[in-house]
Each structure stands twice: as structure tokens, then as C-alpha cells.
Amino acid sequence: MVITGLGTINPLGHNIKEYFEALEAGTNGIDLIKNFDTEHCKTKVGAEIKNYNPEDYFDRKEVRKLDLFTQYAIISATEAVADSGLEQFEALDKSRVGVIWGAGIGGINSTYEELASYFNSGNANASFSPFLLLKILPNMAAGFISLKYGYRGPAFSTVSACASSTHSIISAVDQIRLGRADVMVTGGSEGAVSFVGISAFNAMRALSTRNDDPKTASRPYDKERDGFVMGEGGGAMVIEEYEHAMARGAKIYAEIVGCGVSADAYHVTAPEPEGDGAKQAMTEALRDANLTPEAIDYINTHGTSTPLGDLAELKGIQKVFGDHAYKMNISSTKSMTGHLLGGAGAVELLASVLAVTKDVVPPTINVQELDPQIDPALNLTLDKAQHRTVNYAMSNTFGFGGQNSTIIIKKAE
């Protein structure tokens, strides 16, 4: 299974070129939230997309139908499809091209705004927008993308909280493996940096409240980390059966060689503390790829900057990799992008594509004092990108509900 097209819009850039350059430079995409009034929010920090205007991408009539998560999905997928050259392939059988898209919570802000408007009107007979359902349903991203291109293959959405887009990519791989499609457009997005999104996660005490120092609020592995920083945006890729890609002369970024999924079955929000669920997903991905742990050069971790989550994942990594854990690079790009929830896995797998295509490991920034519970001999790629040969990269994504997912990619030959 090969990756032939890439696309994104996220707090570090409006396209792949901007994103990759920002990752390599260790750019910080986090600041005080500007797009809504945070006066009544405990958290005032977020990773917003800079200078975003939907009318740069859609006409006004379209914007009325599209929640932010769907806008980000279409923008990301459009770049990935264009990058792949898929639409220039005259022999393309669109009944063999599908779309699977991940979103953790879909149109949460559209739901909030519509309900607030209804109740504030004081009119019990007030009507809802005819576009409300189009804006809130998580499957609408896949629907709009398939409609835009006329792709008639498998089309649906995956919802597994923060693991949603990694599960979407794994599901897309499975569709090709099962012979149901030749090409899949896949990824994930989220647009929940909003009053209701921030307030809901505040109620769970999941977010950082480092409002006095927003740039360092997302600090995976740091002794003083206090929660994650919510981000927004999306990431997309075109994945393709190898022979199909070769037949049309497609450029190949990387090969997807292994996928693993598991469940903690421990707690709805807290990770299994010894990292056994994470271990199971990583072990399954290695088995699927027919690789030994020593083959992996880089892991893009889930690394959310939560006290429990960071430790559990590193414990799982050390169990899987043993002595090799000290010979590979590990980093959390959430330190730069924030946590894109349902879009996180896709955007972070794109960071792994950067690693295998450019031999650049993006850094973990903002670690001022390493948590003493973390082994200091682990190479967490602190502060600056590191240049090394990366033949195999692993990307981990975990979600509320104890749902774990791992993908391994290989440098293209």
C-alpha cells in the first residue's frame, strides 16, 4: 500500500509545504485563542489556524452547509488529490476509489450555535437551519469529498475520539487489501476550538490552563505539564494499491506496511497506566509489517502533554522495543500543533512521512525540565529537529474509550 498524495491545513500551515517547513523549524503554533471570547473559559490557549477565511476556499452558499471540520476535510483532501495527480489519470475507475474520513466529534460548534440561537430567540416556533444536519454529522466530510470527485467506492467515517483519523487510514488500507478499492482518499479533521469545545474539555480537566505562558502550554514529557492544548485542522492522504500507482506513473511518498489496533478496556478517559494497550497496538503493527522492533527508526508519539498519557505510552514503547528504545528517535509534534482530536492521527502520520522522505525527525519543543519518571536516556528529540536516516517510522494515536491505533510506514524504494 503506497501513499501518493498529501494535503493538510493546520495550525502550522495551510498546505503540506508550509507544514513540513514549520515542523523542521520547530515552529510553535500555539497562542491565546483569538477566534472567540474566552472570558468564561478556564483555558484560554489553543492552536488555531492562522489567517483562515473560508471564502478563500468556498463560495458563501457552500460555507452555509459546511461545519469547520468539513471545510478542513475538503481543503486537505483537495490538496492531496491534486498532489496525487489522480484526476489526470484517464483510465481511473471512480467506482474503485473510496473515501474514509475520521472525526472525533464532528460539528459540535454548529450544534451549539444553532441551539443557542433557537433558545435565545424566545420563540418556541423558531425553525432550525435546513443545513444543520449536514453540518453536524461526522460522515458528511466523507460524503462531500466523494461527491466533489464522483468517487463511488467505499465511503464512510470512523469515530474513535482522538484515534479517529488513524482508524480511518487503517480502514482505508483494509478496503484495498480486501480488494474493494484500488485507491482511497483518507484522513481526518476537527474544528472544535470553540466555546463549547474548550468548556467541555475543561469540565473534564483535560486541558492545560497555562494561560500566562501560552506558547509553552503544550509540553509533552515536561515535569510541569498540566494537560493538552486543543488544535484544529485536518490532514489527508491518497493511498493506493502499488500496481495501480505504478500503472499510472504516480510518485510514491512512502509505503504503509503495518497497522495495529487495540483497546485498553481499562477506563473511559484514563490510559491503562502500564501502557499495555499501547503495547498491543504497536506489537500488532510490527507483526502486520513482518518487522522486528529494531527496524523502527522513529516514533511519532500520541504525546498529548497529559500527566498520565505521556508516561503510559513511553512505558508501552519501552516494553515493545527494549534496548532499541534508546537507539531510535521519539517525538511529539503536538508540542507544536496542539491536539487536533479526530484530526490528530492524520496530521501526525504526515509528520512521519516527512521523516521518511526527508530523513528529518521533527522535534518535541517546550520541555524545560524532563519529568523525573521518564528515562532520560530516551531520545525525545528535544528542541530541534534531528537529521538521520529514517527507513521506518511508527505513528501512535490513542483515544478516549481506550481505543489505540498504530501505523508503520516505510521509505519508498
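Helix H11 (residues 307–321) lies across three strands, S9, S10 and S13, and runs at about 140° to S13. That's a handy place to start looking around this predicted model, since those strands belong to a bigger arrangement.

**The sheet**

Which order do the strands of the sheet follow? Going across, you read S5-S4-S6-S7-S1-S8-S14-S13-S9-S10, which makes an open sheet of 10 strands with mixed pairing. At the edges sit strand S5 (155–158) and strand S10 (329–331), and each of them pairs on one side only. If you step from one strand of this sheet to its neighbour, the turn is 20° on average, ignoring direction.

Over in another part of the order, strand S4 (residues 97–102) and strand S6 (residues 183–190) pair in the parallel sense, with six bridges between them. If you want a residue to click on there, try Trp101, which stands opposite Gly187 in S6.

**A closer look at S13**

Now go back to S13. Is this strand enclosed or open to the outside? Eight of its eight residues are buried, so S13 is largely enclosed by the rest of the structure. You can check this face by face: Tyr392, Met394, Asn396 and Phe398 are buried on one side, and Ala393, Ser395, Thr397 and Gly399 are buried on the other.

S13 has a partner on either side in the sheet order, S14 and S9. With strand S9 (residues 298–300) it runs parallel, and three bridges join the two. With S14 the pairing is antiparallel, over eight bridges. Met394 is a nice residue to follow here: it is the bridge partner of Ile299, and it also stands opposite Ile408 in S14.

S13 and S14 form a hairpin with three residues between the strands, and Gly401 in this hairpin takes a positive phi near 95°.

**Aromatic pairs**

What two things describe a pair of aromatic rings? You need the distance of the centres and the angle of the planes. The count for this model comes to 10 aromatic pairs. One of them is formed by Phe201 and Phe400, with 6.3 Å centre to centre and 45° between the planes, which is a tilted pair. This pair links distant parts of the chain: Phe201 belongs to helix H8 (residues 195–203), while Phe400 is in the loop between strand S13 (392–399) and strand S14 (403–411), and the two are 199 residues apart. Phe201 has 13% relative accessibility; the cut-off for buried is under 20%, so Phe201 counts as buried. Phe400, at 31%, counts as partly exposed.

Elsewhere, ring pairs link four residues, Tyr52, Tyr57, Phe58 and Tyr72, into a cluster.

**Two helices that cross**

Next, find helix H1 (residues 16–25) and helix H13 (residues 344–358). They pack with their axes 10 Å apart, at an angle of about 70°. Angles from 65 to 115 degrees count as roughly perpendicular, and that makes H1 roughly perpendicular to H13. From H1, the contact uses Ile16, Tyr19, Phe20 and Leu23; from H13, it uses Val347, Glu348, Leu350, Ala351 and Leu354. Sort the residues of this contact by type and you get eight nonpolar, no polar and one charged.

**Some loop residues**

Finally, have a look at a few residues in the loops. Arg205 and Asp359 each have a positive phi although neither is a glycine. Here they are next to each other:

| Residue | Phi | Where it lies | Relative accessible area |
|---|---|---|---|
| Arg205 | about 60° | loop between H8 and strand S7 (233–240) | 76%, exposed |
| Asp359 | about 55° | loop between H13 and strand S11 (360–361) | 23%, partly exposed |

Arg219 also lies in the loop between H8 and S7. Is Arg219 buried or exposed? At 2% relative accessibility, it counts as buried. Which residues does Arg219 touch, leaving aside its neighbours within four places in sequence? It is in contact with Arg210, Asp213, Glu224, Arg225, Ser305, Ile365, Asn366 and Gln368.

How values were computed. Residues are numbered from 1 along each chain as its sequence is written. This is a predicted model: local features need pLDDT of at least 70, side-chain atom pairs count only at pLDDT 80 or more; totals for chains, interfaces and linings use all residues. Side-chain values use heavy atoms; hydrogens and water are left out. Rings of Phe, Tyr and Trp (its six-membered ring) pair if their centres lie within 6.5 Å; planes under 30 degrees apart count as stacked, over 60 as edge-to-face and the rest as tilted. Helices (H or I, at least four residues) and strands (E, at least two) are DSSP runs, numbered from the N terminus. Buried means under 20% relative accessible area, exposed over 50%, partly exposed in between (1.4 Å probe, protein chains only). Two strands pair if DSSP finds at least two bridges between them. Axes are lines fitted to C-alpha atoms, for helices over the stretch in contact, and angles run from 0 to 180 degrees between N-to-C directions. Angles under 35 degrees count as roughly parallel, over 145 as roughly antiparallel, 65 to 115 as roughly perpendicular and the rest as oblique. Contact means heavy atoms within 4.5 Å. Ala, Val, Leu, Ile, Met, Phe, Trp, Tyr, Cys and Pro count as nonpolar, Asp, Glu, Lys and Arg as charged, and the others, Gly among them, as polar.
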